[in-house]
Amino acid sequence: MDTSEDILHQASPDLVRGSETARRSKAARLSPSFISWLQAGPMMLVFLAFFLIPLVFVVIVSFWDYNEYQLLPAFSGRGYTDTFEGCIAQLPELCTIGKTYLMTLKLCFMVWAITLFIGFWVAYFLAFHVKSKTWQMGLSLLCTIPFWTSNVIRMIAWIPLLGRNGLVNSGLVKTGLINHPLEWLLFSEFSVVLALVHLFTFFMVVPIFNSMVRIDKSLIEAAYDAGATGFQTLVNVVIPLAKPGIVIGSIFVITIVMGDFITIGVMGGQQIAAAGKIIETRVNALQFPAAAANAVILLAITFLIITMMSRIVDIKKEL
Amino acid sequence: MKEGRPRSFYVLAVFFAAYTLFLYGPMIAIYVLSFQGPQGGLTFPMNGVSTFWIAKLFQGTGIVDLGAAFRRSLLLGVIVMIVTVVLSVAAGMAFRRKFKAQSILFYSAIASLIVPSIITSLGISLEFRIIDDLIKAHWNENFETSMGLLTSGLGAHLTWTLPFGLLIMFAIFNRFDPRLEEAARDLGATPWQTFRHVVLPIILPSVIGIGLFGFTLSWDELARSSQAIGAVNTLPLDLQGLTTTVTNPDIYALGTVISAVSFTVITLALGTIHVLNKRQAAKGSDAGKGLV
């Protein structure tokens with residue numbers, strides 16, 4: 001009992017008894033850290049069971065042996081040696097895995113550049129030119145709704161437009177610009193990039209928009225007042241302050257394209273090799289250690305890219 | 001700044017309109033084409049208008065057993081939605097205090113979001129294969145598999161929906177006024193009462209948003225399901241399987257039916273959010289708004 005309670009005790013004994021009951025009932029309640037565990041524990045368990053442990057298994061199995069039928073739990077580097085087969089012998093020619101990754105990085109770069117351009121200007125329009133909150137909400141929603149619908153459908157949707165007898169080709173033939181339908185419109189690198197941009201620009205718009213709405217408008221007015229041109233304001237004020245959003249959006253888009261096998265499969269007519277598709281092919285052939293080895297390589301490269309990008313910005317601070 | 005709208009406004013407005021057309025144009029094209037006449041093909045022009053292909057889908061004579069896959073996807077979507085909402089709200093509440101393993105959970109969620117889906121999917125499938133092998137070796141030789149829609153499939157979908165749920169919770173509590181809870185506590189409310197009668201009603205519109213993400217992301221999920229769903233297919237997997245052998249508009253019809261479900265859910269959710277927001281604005285406190 002501290003001194004204030006002593007004094008109180010002398011003045012009114014009942015009061016102190018009351019404070020003791022209050023203290024006891026507080027102790028009977030759950031401790032705050034236990035409540036935190038109760039609240040966060042279930043989600044942690046899901047990530048443990050369906051994300052972290054599976055990742056550990058990917059790494060372990062990548063060092064297992066295999067035959068045509070099954071996994072053999074014995075240490076082997078075969079998953080990796082099979083993957084890199086011929087890479088040294090064929091030098092200076094690129095081996096299959098090298099070519100595949102080069103192709104994946106090329107797609108990645110094109111999609112990144114295009115989604116960044118579109119995403120930046122869409123976000124800029126929403127954040128700076130749309131003044132009313134209602135309109136801002138409505139137009140953001142307009143950009144978000146397709147994200148809640150099926151990706152496969154949004155891929156198939158290009159077929160009637162880009163196919164040999166599709167709208168684009170028949171339109172071009174009719175106007176006499178071309179004599180024969182263009183073959184490269186569908187099931188090509190072009191259609192893969194188009195579909196990836198179509199599907200994933202959303203991931204660029206949202207974080208860039210988030211960074212931009214937080215920019216204090218008076219900073220931009222100050223730049224104008226100080227005599228900066230629109231372009232100077234953009235380069236020296238808006239872009240540096242929107243950088244966190246740009247980096248987060250870029251991480252999303254790059255990791256999605258690095259691991260994609262569905263869009264590249266469907267829109268490439270199953271003809272284009274990519275990092276994600278190798279894994280799928282190996283799994284379909286039941287070569288799990290080889291699939292796992294490819295997954296580890298993909299994970300390492302993705303991780304490398306993310307580390308380089310997150311050097312530029314502290315992700316945790318931005319959310 | 002100058003009065004009126006600058007020229008850049010009009011340039012960007014056109015750009016935005018073009019982007020919207022790019023987003024929606026192709027989708028609308030296949031919705032229209034799914035109403036092709038019976039003789040119609042895969043492209044424009046329309047060869048008559050009919051519900052032939054959609055009806056064919058429901059008769060079960062078409063390309064897939066629509067009914068079974070439809071029910072499976074719906075069941076999984078609803079369960080994923082409920083689990084996502086409950087776990088995200090709970091974890092979101094936890095993040096308002098400091099607790100151990102906070103950053104582990106945060107980085108797990110972010111990693112789960114950005115590690116390529118095919119890797120997560122492969123990992124889950126390996127995990128369940130190894131569990132199966134263990135059960136077969138030690139307990140039951142005739143054991144088939146523990147992989148399935150509501151085991152590995154559910155887990156795979158949650159690794160995709162939970163990060164979104166958690167990030168939405170962060171956004172909610174960033175602009176939540178903790179004085180409201182203090183007031184409730186001062187009036188003698190228990191922690192549960194404070195949550196049930198003060199916090200939950202305020203965050204409810206956004207919680208419905210989490211549910212919307214949970215259902216739609218699961219309903220359309222493909223990459224994570226691909227290796228981890230087990231023997232049966234969900235609707236998007238069936239649809240993807242069809243893309244390689246497509247000859248008839250029934251693939252568009254299937255796409256239209258799947259989208260119809262998505263749009264129904266989106267409309268319901270957004271409508272509810274709108275009503276809740278309106279009610280909050282009408283019944284909310286007028287404190288600080290002056291005396292009149």
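This is a short tutorial dialogue on reading a predicted model of two chains, A and B.

Q: Where is confidence lowest in chain A, and where is it highest?
A: Start with the general idea. Where pLDDT is low, the predicted coordinates should not be read in detail. Now the case here. Helix α2 (residues 13-28) of chain A has the lowest confidence in that chain, at a mean of 50. Helix α10 (residues 189-200) of chain A has the highest, at 94.

Q: What are the scores for each chain and for the model?
A: Chain A has a mean pLDDT of 85, and 88% of its residues reach 70 or more. Chain B averages 87, with 93% of the residues at 70 or above. For the model, ipTM is 0.90 and pTM is 0.87.

Q: How many helices and strands are in each chain?
A: Chain A has 17 helices and 2 strands. Chain B has 11 helices and 0 strands. Read from the N terminus, chain B is α-α-α-α-α-α-α-α-α-α-α.

Q: Is chain B a compact globule or more spread out?
A: Compare the radius of gyration with the globule rule. For 292 residues the rule gives 19 Å. Chain B comes to 24 Å, well over that value, so chain B is more spread out than a compact globule. Its C-alpha trace spans about 70 × 70 × 35 Å along the principal axes.

Q: What share of each chain is buried?
A: In chain A, 38% of the 319 residues count as buried. In chain B, buried residues make up 40% of the 292.

Q: What do the contacts say about residues far apart in sequence?
A: Take contacts between residues at least 6 apart in sequence. In chain A, 66% of these join residues at least 24 apart. In chain B, the share is 75%.

Q: How do I check a helix, such as α6 of chain A?
A: Check its span. Helix α6 (residues 133-144) of chain A has 12 residues, which at 1.5 Å a residue should span 16 Å. Its end C-alpha atoms are 16 Å apart, which agrees.

Q: Does α6(A) lie in the open or is it buried?
A: Count its buried residues. Of the 12 residues of α6(A), 1 is buried, so the helix lies largely in the open.

Q: Is A:A195 buried or exposed?
A: Count the neighbours. The cut-off for buried is 20 or more other C-beta atoms within 10 Å. A:A195 has 26, so A:A195 is buried. This residue is in helix α10 of chain A. Beyond its sequence neighbours up to four places away, A:A195 touches A:M155, A:W158, A:T263 and A:M267. A:T134 is 61 residues from A:A195 in sequence and 30 Å away in space, C-alpha to C-alpha.

Q: Which residues touch the most other members of the largest nonpolar core?
A: The general idea comes first. In soluble globular proteins, nonpolar side chains tend to be buried together. The largest nonpolar core here has 144 residues. A:V58, A:A123, A:A292, A:A295 and B:L122 touch the most other members. α3(B) gives the most to this core, with 13 residues.

Q: What does B:L122 touch?
A: Setting aside residues up to four places away in sequence, B:L122 touches A:V58, A:I279, A:V283, A:A291, A:A292, A:A295 and B:Q227.

Q: How many residues of each chain are in contact with the other chain?
A: The count is 71 residues of chain B and 74 residues of chain A. On the side of chain B that touches chain A, the largest share, 16 residues, comes from α1(B). By class, that side has 50 nonpolar, 18 polar and 3 charged residues.

Terms used: Residues numbered from 1 in each chain as written. Chains lettered and ligands numbered in written order. Predicted model: local features only at pLDDT ≥ 70, side-chain atom pairs only at ≥ 80, totals over all residues. Contact = placed C-beta atoms within 7 Å. Helix = DSSP H or I, 4+ residues; strand = E, 2+ residues; numbered from the N terminus. Nonpolar A, V, L, I, M, F, W, Y, C, P; charged D, E, K, R; others polar. pLDDT = per-residue confidence, 0-100. Expected span 1.5 Å × (residues − 1). Rg over C-alpha atoms; globule rule 2.2 N^0.38 Å. Core = buried A, V, L, I, M, F, W, Y, C linked by C-beta atoms within 7 Å.
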